[in-house]
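Me: I have a model open and would like to go through its loops and helix packing. Could we begin with a loop residue?

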Amino acid sequence: MKRFAGLVTGGLVAVAATLGFAVTAAQAETTLVLSSWLPPKHPIVAKVMKPWARDVEKATDGRVKVRVLAKPLGAPPAHFDLARDGVADITYGLHSFTKDDRFLRSRIGQFSFLGDNAVAVSKAYWDVYGGQLDAQGEHEGVKLLSLFAHGPGMFHNNRRKIESPEDFAGLKIRTPGGYIAALSQDLGITTQFMGPGEVYEKLSRGVIDGVTFPMEALKAFRLTDHLTSTMTMPGGMYNTSWFLVMNQAKWDALSDADKAALEALSGATFAERAGKVWDEADAGGAELVAGTDIEVYAANDAVLSAIKEAAARHEAAWAEAVAAQGFDGAAALADLRARTGVAY
């Protein structure tokens, strides 16, 4: 009997140990929810966020999984706060969607004449804003995983070709807020803010006359039937600064090994990945536009001069505000342009 009891006891211990291992393994698995507000087929979702999620799972041997939601947990402008407040674990979005000044230094990624491709601008933006301008310091309550930018922003409308600075006056243009909204208003444009998904309806109904978008958006949001002209310029009329962030508590709960795995896939690596996808999408948009009646033309000297003059005022005001925080914005902006090869 004693021998039988010993066998039973030993068996229970073995079962308990097995169950304990199973519990420990289950606790070690973390599923992170990524709220995504762009259409599921948009290149940034299909070719950046979802592949990155798969790579995270692979790099952590399945311990960390990222579930990209088909529908967002809130409106696009709310996405930073969704991650900060723990409504979502990971989010992405535009700094310009936030109307307060918490991301003052991030505006370096929105200015005119930053670069002719998204890879160069995204990598430079991560290095400069993420480094000498202390991007993490502006992202309170979250772990800043990466930063990126789209390709050169262009001016599209269906009213007239812009042949002089005066031709901007009175046009109703959708902008993503931030710097490009202020610059557009300086040029006499009436700006409207709306999410990208709303543009098609407003443009087709004549509520707006045009948009500021990179070339990819004309294909992604099916806008070619409602535009007649696209104006380009070296380095872009503007850009947009994007973040990829994670709730701080969820980040802190990860093991050191899993943090290292995520960081290896984020930062500059993610910036380059996103930039490549933007550039591919811009090429696809340009190819589509080439088969339409949309006139694509370069801004003339008079228009460029007016934009540069207005841009310089905004850059100077920004640099002064950044200096009050102890940072050299003018030097940082010059460094960013040097990294992208823009002559300015």
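Reply: Certainly. This is a predicted model, and a suitable starting point is Asp-134, which lies in the loop between helix 4 (118-132) and helix 5 (135-138).

Me: What is phi of Asp-134 near?

Reply: Phi of Asp-134 is near 50°, a positive value in a residue other than glycine.

Me: And how exposed is Asp-134?

Reply: Asp-134 has a relative accessible area of 35%, so the residue counts as partly exposed.

Me: Which loop holds Asp-61?

Reply: Asp-61 sits in the loop between helix 2 and strand 2 (64-68). Its phi is also positive, near 55°, and Asp-61 is likewise not a glycine. With 63% relative accessibility, Asp-61 counts as exposed, because the cut-off for that class is over 50%.

Me: Let us step back to the whole chain. How many helices and strands are there?

Reply: The chain has 13 helices and 11 strands. Along the principal axes, its C-alpha atoms fill a box of roughly 100 × 45 × 30 Å.

Me: What share of the residues is buried?

Reply: Of the 344 residues, 50% count as buried. As for contacts with a separation of 6 or more, 76% are between residues 24 or more positions apart.

Me: Back to helix 2, then. Why does its length agree with expectation?

Reply: Helix 2 covers residues 43-59, and its 17 residues should span 24 Å at 1.5 Å a residue; the end C-alpha atoms are 23 Å apart, which agrees.

Me: Which of its residues are buried?

Reply: The buried residues of helix 2 are Pro-43, Ile-44, Val-45, Val-48, Met-49, Pro-51, Trp-52, Ala-53 and Val-56.

Me: At what angle do helix 2 and helix 11 pack?

Reply: Helix 2 and helix 11 (residues 267-290) pack at about 150°, with the axes 9 Å apart. Angles over 145 degrees count as roughly antiparallel, and this pair is therefore roughly antiparallel. The crossing of helix 2 and helix 11 is right-handed.

Me: Which residues meet there?

Reply: From helix 2 the participants are Pro-43, Ile-44, Lys-47, Val-48, Met-49, Pro-51, Trp-52 and Asp-55, and they meet Phe-270, Arg-273, Ala-274, Val-277, Trp-278 and Ala-281 of helix 11. By class, the residues of this contact are 11 nonpolar, no polar and three charged.

Me: Arg-273 interests me. Which residues does it touch, its sequence neighbours aside?

Reply: Leaving aside neighbours within four places in sequence, Arg-273 is in contact with Val-48, Pro-51, Trp-52 and Asp-55. Arg-273 belongs to helix 11, and its relative accessibility is 24%, so it counts as partly exposed.

Me: How far apart are the C-alpha atoms of Arg-273 and Ile-44?

Reply: They are separated by 9.8 Å, although the two residues are 229 residues apart along the chain.

Me: Different pair now: how do helix 6 and helix 12 cross?

Reply: The axes of helix 6 (residues 178-186) and helix 12 (residues 301-323) come within 10 Å and cross at roughly 130°. That angle makes helix 6 oblique to helix 12. The crossing is right-handed.

Me: Who makes that contact?

Reply: Helix 6 contributes Tyr-179, Ala-182, Leu-183 and Asp-186, while helix 12 contributes Ile-307, Ala-310, Ala-311, Arg-313 and His-314. The contact of helix 6 with helix 12 has six nonpolar, one polar and two charged residues.

Note on methods. Residues are numbered from 1 along each chain as its sequence is written. This is a predicted model: local features need pLDDT of at least 70, side-chain atom pairs count only at pLDDT 80 or more; totals for chains, interfaces and linings use all residues. Side-chain values use heavy atoms; hydrogens and water are left out. Helices (H or I, at least four residues) and strands (E, at least two) are DSSP runs, numbered from the N terminus. The expected span of a helix is 1.5 Å times one less than its number of residues. Buried means under 20% relative accessible area, exposed over 50%, partly exposed in between (1.4 Å probe, protein chains only). Axes are lines fitted to C-alpha atoms, for helices over the stretch in contact, and angles run from 0 to 180 degrees between N-to-C directions. Angles under 35 degrees count as roughly parallel, over 145 as roughly antiparallel, 65 to 115 as roughly perpendicular and the rest as oblique. A crossing is left-handed if the near helix is turned anticlockwise from the far one by less than a right angle, and right-handed if clockwise. Contact means heavy atoms within 4.5 Å. Ala, Val, Leu, Ile, Met, Phe, Trp, Tyr, Cys and Pro count as nonpolar, Asp, Glu, Lys and Arg as charged, and the others, Gly among them, as polar.
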